[in-house]
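Student: I have a model open and would like to understand the terms people use for it. Could we go through some of them together?

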Amino acid sequence: MRLIVLGATSSIAAATARLYAADGATILLVGRDQDRLEQTAADLAIRGAERVETALCDLAAPQDAQRQFSDFSARIGGVDHVLLAYGILGDQADAERNLAAAEDILRVNFNSATAWALAAANLLERQGRGSLVVIGSVAGDRGRRANFIYGAAKAGLAALMEGIAHRFADKGPRAVLIKPGPTVTPMTEGMNRSGALWASPEQVAQIVYRRAFRGGPVAYAPGFWRIIMLVIRNLPSFIFNRMEI
Amino acid sequence: MNPFSPSDSIRSWGGVLKAPHHVARPGWRSELSRLVLSGRQQGYRLLACGLRRSYGDSGLNPHEGLIDMTGLDRMITLDPATRRIRVEAGASFDAILQVIVRQGLFLPVTPGTRFVTVGGAIANDVHGKNHHRHGTIGRWVRRLGLLRSDGLELDLAPDDPSGLFQATIGGLGLTGVITWAEIELMPIASAMMDVENIPFGKLDEFFTLAADSEDAFDYTVSWIDCLSGGERLGRGIFTRGNHAGTGSILPDRGNTLLTMPVNLPGLAMNRYSISAFNALYVWNGRRKSGTARTGLHPFFYPLDSIGRWNRMYGRNGMYQYQSVVPAAVQKEATHDMLKAISASGQGSFLAVLKTFGDVASPGLLSFPAPGTTLALDFPNRGDVTLKLMGRLDAIVREAGGRLYPAKDGRMSAAMFQAGYPAWQEFAKYVDAGFSSHFWKRVSQI
């Protein structure tokens, strides 16, 4: 098993990579902080990975994603699974006034992710097998005032992954979007994390790993978010718009 | 952004005390220094925490800062030739076992749960069933990183001339944040255990069995029924074992069979249910008496088979009580304690008796000492429970013994100070930027 992790220093990505490592996978970690990539690589190697490589790359600014992705793949002798896990929450209040900040949120979470997802999809389609898993968010299911710019980017990613899954339908590879609820990661630092709705990166990772191998094109993590978001998506606006959520 | 998030109800494992904290969960060691300075600037005194298996208040720091180290759980280096593993302080014994067992290595000391972090194990200088051989985990720590509240990280070894290493081993997190540690592992030939269970009818037999077993067995422990009085006072099952010389080296898969989804009603643990459990346990022990070969998990971590088992004690939680009394008076003192418990009718579901060897503990505040340790847990019934523990305190103190801070949530400052004569020496090493509810309580003069 050969895995490429785009955004390897994210907590969900690192927790998922550990599950691959325990199975003896060969792993390429891509990110922009060499020290953190190396710490992650050492951890995965001790946990059982066959081989771990790192590649320094500012994923938010792809130069030629198709070529860069081919290079990634060549580094570990081909690829079976791809995990795209980087993203930023941004500062919603700031981004509503400062449009450059809003564009940044879209550029990192949507535009650049689209380039990498398409590059990976093209390669997987050519080889007729493999799996592309992208981390979305429940925030993409319905825009709400707290984080709708981030949510819009993740909603775009959801449509993109649905489309790629549709394109793959009769061709072999898999495309999956994981929608985590609030997770205890650096992205949610500073928020009040009391309450039963918060998940750990390890809980989400279990679902990411399982869904890379089987199941439909969309998965909530943890699974109960499917029910919650079903309700939230279907609330009439006159109720939803009065809610403080 | 402020790395500290408000969290309104942090509980420790015993669940008696529940308090709000400001919690930070760093993901990288490089963030720690800034984090500590930020917490101090906001006026918090700090305490690192791991998987929160401490029963009482030694892991709580109400209204102050808590640094959740479970995100710093990376393996750093593993050298099978020298049997050294270096890990971040938030790495769990569970994760380490998954890596080392298949390489023919094992933890030289492990407590009764593998869901503890390395930092927590060192800060409590934990012991295991092989105390008479290996002493505490602190004896196997070769180096550690300690971050002080001035933001500077120290690299400490056992020969550290400042004394800070000895203060940090068993130092309850009060000397700073343990950031990483290097531990010497022990070789094993297989992942199997040769185990012998021997039922015994009264306390004297326990002491005979313990004395007879220490030379030939690496691990000894026993369970006792502390509800039965009179003739059956001190009946129990003595377990002794060794790592098997042959057999599979593949580690056990997780043995967590089920997880308590909610707190049981407080009444679930009463003298009748505990009494019934104890009778069943004795019966089962007799049935299984003799020798058997088992995996590592059933031998070392039987309780880990029920996730969140502390919820069986309901919303009011439970108290743990673990004492050690010196060898010279261990028979009388243990007998007196069991009698007091049996007379009170407040049974303990998990009562564990073990003799400690005379291997010296390295920490200034290390708990183990030569003699006999008794570990009990009591459902929290308020005053009656506290009164019983008060009676036990008197016996332990009279015997010249002491209590284990990791298990305690209520001992008096006088009891602590009597048991740990080095406490004032230790206090000199406490970093003024750190605190815990336990320390505030027991360091009062």
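Student: What makes strand E13 and strand E14 of chain B a pair, and in which sense do they run?

Tutor: Happy to help, and keep in mind that this is a predicted model. Strand E13 (residues 219-224) and strand E14 (residues 236-243) of chain B are joined by six bridges in the antiparallel sense. Pairing asks for at least two bridges, so the two strands count as paired. One bridge to look up sets B:Trp223 opposite B:Ile237 in E14(B).

Student: How do you know that E12(B) pairs with E14(B)?

Tutor: By the same kind of reasoning. Eight bridges join E12(B) to E14(B), and the two run antiparallel; the rule needs at least two, so they pair. Here B:Ile198 stands opposite B:Phe238 in E14(B).

Student: And what joins strand E12 to E16(B)?

Tutor: Six bridges join strand E12 (residues 192-200) of chain B to E16(B), again antiparallel. Within this pair, B:Met192 has B:Gly295 in E16(B) as its bridge partner.

Student: Why are strand E16 and strand E21 of chain B called edge strands?

Tutor: Follow the order of the open sheet in chain B, which has eight strands: E16-E12-E14-E13-E19-E20-E18-E21, with antiparallel pairing. Strand E16 (290-295) and strand E21 (402-403) each pair on one side only, and that makes them the edges.

Student: What lies across this sheet, and at what angle to E20(B)?

Tutor: Helix H9 (residues 330-344) of chain B lies across E13, E18, E19 and E20 of chain B, running at about 10° to E20(B).

Student: Moving to the two chains, why is A:Arg18 with B:Asp73 called a salt bridge?

Tutor: The closest N and O atoms of A:Arg18 and B:Asp73 are 2.8 Å apart. The cut-off for an Arg nitrogen and an Asp carboxyl oxygen is 4 Å, so the pair qualifies. Across the interface of chain A and chain B, the rule finds two salt bridges.

Student: Which part of chain A gives the largest share of the side touching chain B?

Tutor: That is helix H2 (residues 34-46) of chain A, with six residues. By class, this side of chain A has four nonpolar, six polar and six charged residues.

Student: How much area is buried between chain A and chain B?

Tutor: About 1800 Å², with carbon and sulfur atoms giving 46% of it. In chain A, the residues losing the most area to chain B are A:Gln39, A:Ile46 and A:Glu189, together 34% of what that side buries. The contact takes 16 residues from chain A and 22 residues from chain B.

Notes: Residues are numbered from 1 along each chain as its sequence is written. Chains are lettered from A and ligands numbered from 1 in the order in which they are written. This is a predicted model: local features need pLDDT of at least 70, side-chain atom pairs count only at pLDDT 80 or more; totals for chains, interfaces and linings use all residues. Side-chain values use heavy atoms; hydrogens and water are left out. Contact means heavy atoms within 4.5 Å. Buried area is the accessible area (1.4 Å probe) that two parts lose on being put together, summed over both. A salt bridge is a side-chain nitrogen of Lys or Arg within 4 Å of a carboxyl oxygen of Asp or Glu. Helices (H or I, at least four residues) and strands (E, at least two) are DSSP runs, numbered from the N terminus. Ala, Val, Leu, Ile, Met, Phe, Trp, Tyr, Cys and Pro count as nonpolar, Asp, Glu, Lys and Arg as charged, and the others, Gly among them, as polar. Axes are lines fitted to C-alpha atoms, for helices over the stretch in contact, and angles run from 0 to 180 degrees between N-to-C directions.
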